[in-house]
Each structure stands twice: as structure tokens, then as C-alpha cells.
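Dear colleague,

I am handing over the structure below, together with a short account of what was found in it. Please have it open while you read.

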Amino acid sequence: ITFPLFSQSQDPVAESSWHERALFVAGLTKPDAQGLGAHAKNTAYANHAQLMGAAWAFEKTNSLDRVTEWRKTEIPQVPGDQEVFYPLGGADLPNAMTFFPDAPRYTFIALEAVGQVPPLTAANRDAWRKGLPGIRQTFQAMCGLNYFESRMLRVAWSNQTVNGVLPLFLSFIVRMDGEVLSVSNFTLDPAGQKVYTTETGKSGI
């Protein structure tokens with residue numbers, strides 16, 4: 001999974017769609033918001049938003065804020081033009097971005113499948129709602145421990161519509177005040193070159 005910190009999307013429709021999905025899964029969609037706001041006007045989503053917010057507040061106070069203070073003292077001179085390469089990082093984007101906030105790109109290699117976060121529609125609304133608790137439990141576990149374990153995804157993978165590490169990455173990006181411009185799946189050919197695909201599974205992103 002690779003995240004360029006500075007990039008421009010050429011597709012404003014996809015840009016809006018992915019960012020709205022990220023906000024929704026992170027519990028940040030307001031009931032009066034355009035687009036997905038209509039799906040946030042219920043008690044279940046209000047509960048999801050409250051629990052996601054509480055988990056993130058715990059992560060910031062007990063881990064990330066402390067890392068920030070430590071970083072300022074111990075590694076204040078990290079060059080801002082160096083990329084972050086995180087083998088076996090799972091979905092641990094918060095620590096990567098907190099230790100190295102000025103990196104132009106973050107690349108994660110992990111054993112967990114990417115998963116999917118499809119557009120939320122009237123047709124798959126119920127499946128989406130059933131998938132949020134699993135994602136939330138994994139998010140809460142990560143925030144509580146401040147590290148990622150593969151077994152955390154067992155609950156998240158129980159839903160066939162919204163699953164994998166992708167919803168976690170999207171949640172962390174917007175919780176850290178980022179904007180999701182686009183998401184593209186790819187695999188690597190024998191020469192190590194990216195081959196873009198519509199498949200999710202174990203492809204890169």
C-alpha cells in the first residue's frame with residue numbers, strides 16, 4: 001500500500017466519492033452533509049461515530065501526542081524528502097505519519113488483504129451497516145494497543161461488502177486531517193512493474 005502525501009486527482013467525481021466514503025467509515029459524516037449524510041441519520045451511525053471518536057481520542061492522548069513530543073526532542077532533523085518504507089506495517093498509518101510527518105510518500109508491505117470499501121447505495125446499505133461494527137472493533141483494538149495485529153482483521157473480514165485494511169487506512173487518513181483523493185488497486189508483474197486492476201483481494205493499493 002503506497003500513499004503519496006502530495007498528489008492531484010484528475011477526477012473530481014472520484015475524489016469526492018472516496019473522501020466521502022472515508023469520512024463515513026471513520027464516523028465523521030454529519031447527518032446534514034450532502035451525499036452520504038442521508039445514511040448518517042440513524043441511531044446506529046450516531047453510535048458508530050461516538051465510539052470511533054472516543055477510540056481516536058484515546059489513541060491521540062495516550063500514544064500519538066506522546067510520540068510527537070518524543071520526536072521533537074529525539075529526531076528533530078529528519079529530512080522531509082525521504083520516503084517511509086514500513087514492512088509488516090499492517091494498517092499502522094498513525095505511527096508512521098506521527099514519527100515522520102513530512103515524508104512525501106508512505107509505503108506499507110503487509111500480509112493482510114486490502115479489502116474493499118464500495119460506494120454506499122440504497123442497494124447495499126444494509127450490508128454496509130452490518131460491516132461497520134467489524135471495522136470499528138478493529139479500529140478500537142488498534143487505538144487501544146497502538147499497534148496492529150493480523151488477528152484483529154478476523155471480525156473485519158466477516159462482512160463481504162466492507163472489509164480488509166482499506167477502511168482502516170481511510171479512517172486514519174481523515175482522522176489525521178488528510179484528504180482521500182483516489183484509490184487504485186494494482187499488482188506487480190514479474191518485472192516488478194505496477195499493473196492496475198479492479199480486483200481487491202491481496203493486491204496492492
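In what follows, Ala, Val, Leu, Ile, Met, Phe, Trp, Tyr, Cys and Pro count as nonpolar, Asp, Glu, Lys and Arg as charged, and the others, Gly among them, as polar. This is a predicted model, in which local features need pLDDT of at least 70 and side-chain atom pairs count only at pLDDT 80 or more, while totals for chains, interfaces and linings use all residues. Residues are numbered from 1 along each chain as its sequence is written, and side-chain values use heavy atoms, with hydrogens and water left out.

The cavity comes first. A cavity is a set of points, on a 1 Å grid over the protein atoms alone, where a 1.4 Å probe fits but cannot get out, and its lining residues have an atom within 4 Å of a point; points are joined across faces, edges and corners, and the volume is the space filled by probe spheres set on them. The search of the whole structure finds 1 cavity of 30 Å³ or more, and the largest holds about 30 Å³ of space. Its lining consists of Glu59, Asp92, Pro94, Asn95, Met142, Cys143, Asn146, Tyr147 and Phe172, which divide into 5 nonpolar, 2 polar and 2 charged residues.

Next is the largest nonpolar core, meaning a set of buried (under 20% relative accessible area, 1.4 Å probe, protein chains only) Ala, Val, Leu, Ile, Met, Phe, Trp, Tyr and Cys residues joined through side-chain atoms within 4.5 Å. This core has 41 residues, of which Phe24, Trp128, Phe139, Leu168, Leu170, Phe172 and Val180 touch the most other members. Helix H6 (166-175), one of the elements that give two or more residues to it, gives the most, with 7 residues; helices and strands here are DSSP runs numbered from the N terminus (H or I, at least four residues; E, at least two).

Finally, there are 3 salt bridges, each a side-chain nitrogen of Lys or Arg within 4 Å of a carboxyl oxygen of Asp or Glu. Lys60 pairs with Asp65 at 3.3 Å, N to O. Lys72 and Glu69, whose closest N and O atoms are 3.8 Å apart, lie 3 residues apart in helix H2 (residues 43-74), so about one helical turn separates them. Arg105 and Glu83 come to 3.7 Å, and this pair links distant parts of the chain, 22 residues apart, with Arg105 in strand S3 (residues 105-109) and Glu83 in the loop between H2 and strand S2 (84-87). Glu83 is exposed (over 50%), at 53%, whereas Arg105, at 28%, is partly exposed, the class in between.

With best wishes

Definitions and conventions
On a 1 Å grid over the protein atoms alone, a cavity is a set of points where a 1.4 Å probe fits but cannot get out, and a pocket is an open set with protein on both sides within 12 Å along at least five of seven lines; lining residues have an atom within 4 Å of a point.
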